[in-house]
Amino acid sequence: MLSPEAERVLRYLVEVEELAEEVLADKRQIVDLDIKRNKNREGLRALQRDLSLSDVMVCFGTMFIKMPHSRVKDMIEKDQDHLDKKIEELRKQLKVKVSRLFEAQGNPELKGFNLNPLSQDELKALKVILKE
């Protein structure tokens, strides 16, 4: 049987380790999705180069299937949109998880970590203000 102090330390270490594992898992998933997104981008570029083809061969797992050019392009673009949304969602969750990890470790909050980019309208307004 562990002493109460040792149990408290063990619980603390387990909590920090679990939070760190979640952060690492999310980072790995973002990298994997980004690799898939880059492969889709390569496929879209290849489709743009060969506009003369009416049908193209597409690999689904271990099979190659002949499909219409436009349908393949639409499928890849929808997949890109889905991947973009999933990556953005994971990045938002990652910020929260990293903050919780820093808090659990007793570290101060990261400064500038929760910044968001300016929207197009905000950027245009800023450019107008700076020109004056």
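## Around Asn40 and Gln80

Asn40 touches Ile76, Asp79, Gln80 and Leu83, leaving aside residues up to four places away in sequence. The model is a predicted one, and in it Asn40 sits in helix 1. With a relative accessible area of 12%, Asn40 falls under the 20% limit and therefore counts as buried.

Gln80, one of those neighbours, belongs to helix 2. Is Gln80 buried or exposed? Its relative accessibility is 10%, so Gln80 counts as buried. The side chains of Gln80 and Asn40 are joined by a polar contact of 3.2 Å. Here, then, is a pair of buried polar residues, Asn40 and Gln80, with a contact between their side chains. Gln80 also touches Arg37, Arg41 and Leu44, again not counting residues up to four places away in sequence.

## The nonpolar cores

Now for the nonpolar side of the picture. In soluble globular proteins, nonpolar side chains tend to be buried together. The largest nonpolar core in this model has twelve residues. Among them are Val16, Leu19, Val23, Ile30 and Leu33, along with Leu83, Ile87, Leu90 and Leu94. Val98, Leu101 and Ala104 are also members. Two elements, helix 1 (4–49) and helix 2 (69–105), give two or more residues to this core. Which helix gives the most? That is helix 2, with seven residues.

Leu33 offers a handy place to look at the packing in detail. Not counting residues up to four places away in sequence, Leu33 touches Leu83, Lys86, Ile87 and Leu90. Leu83, Ile87 and Leu90 are themselves members of the largest core. Leu83 is also worth a second glance, as it is touched by Asn40. Apart from this core lies another, made of seven residues, among them Val56, Val58, Val72 and Ile76. Ile76 is a neighbour we have met already, being in contact with Asn40.

## A nonpolar patch on the surface

Some nonpolar residues are found at the surface instead. Phe60, Met63, Ile65 and Met75 make a nonpolar surface patch of about 320 Å². Met75 is located in helix 2. Its relative accessibility is 33%, so Met75 counts as partly exposed.

## Salt bridges within helix 1

How many salt bridges does a search of the whole structure find? The search finds nine. One of them joins Glu5 and Arg8, whose closest N and O atoms are 2.7 Å apart. Because Glu5 and Arg8 are three residues apart in helix 1, about one helical turn separates them. Glu5 is partly exposed, with a relative accessible area of 45%, and Arg8 is partly exposed too, at 47%.

Further along the chain, Arg28 forms a salt bridge with Asp32, with 2.8 Å between the closest N and O atoms. Both residues of this pair lie in helix 1, four residues apart, which is about one turn of the helix. Arg28 counts as partly exposed at 48% relative accessibility, and Asp32 likewise at 37%.

## Salt bridges between distant parts

Asp79 forms a salt bridge with Lys36, and here the closest N and O atoms are 4.0 Å apart. The pair links distant parts of the chain, with Asp79 in helix 2 and Lys36 in helix 1, 43 residues apart. Asp79 is partly exposed at 22% relative accessibility, while Lys36 is partly exposed with a relative accessible area of 41%. Asp34, Arg37 and Asp84 are joined into one network by salt bridges that share partners.

This takes us back to where we began. Asp79 is among the residues that Asn40 touches, and Arg37 is among those that Gln80 touches. The buried polar contact of Asn40 and Gln80 thus has charged residues among its neighbours, including Asp79 beside Asn40 and Arg37 beside Gln80.

## A span across the model

To finish, here is a pair that lies well separated. Ala46 and Phe102 are 56 residues apart in sequence, and their C-alpha atoms are 44 Å apart in space. Ala46 lies in helix 1 and is partly exposed, with a relative accessible area of 28%.

Note on methods: Residues are numbered from 1 along each chain as its sequence is written. This is a predicted model: local features need pLDDT of at least 70, side-chain atom pairs count only at pLDDT 80 or more; totals for chains, interfaces and linings use all residues. Side-chain values use heavy atoms; hydrogens and water are left out. A nonpolar core is a set of buried Ala, Val, Leu, Ile, Met, Phe, Trp, Tyr and Cys residues joined through side-chain atoms within 4.5 Å. Buried means under 20% relative accessible area, exposed over 50%, partly exposed in between (1.4 Å probe, protein chains only). Contact means heavy atoms within 4.5 Å. Patches are made of residues with over 30% relative accessible area and no salt bridge: like charges are joined within 9 Å, nonpolar side chains (Val, Leu, Ile, Met, Phe, Trp, Tyr) within 5 Å. Accessible areas come from the Shrake-Rupley method with a 1.4 Å probe; for residues, only the protein chains shown count as cover. A salt bridge is a side-chain nitrogen of Lys or Arg within 4 Å of a carboxyl oxygen of Asp or Glu. A polar contact is a pair of N or O atoms within 3.5 Å; within protein, one must be able to donate a hydrogen and the other to accept it, and residues adjacent in sequence count only if both atoms are side-chain atoms.
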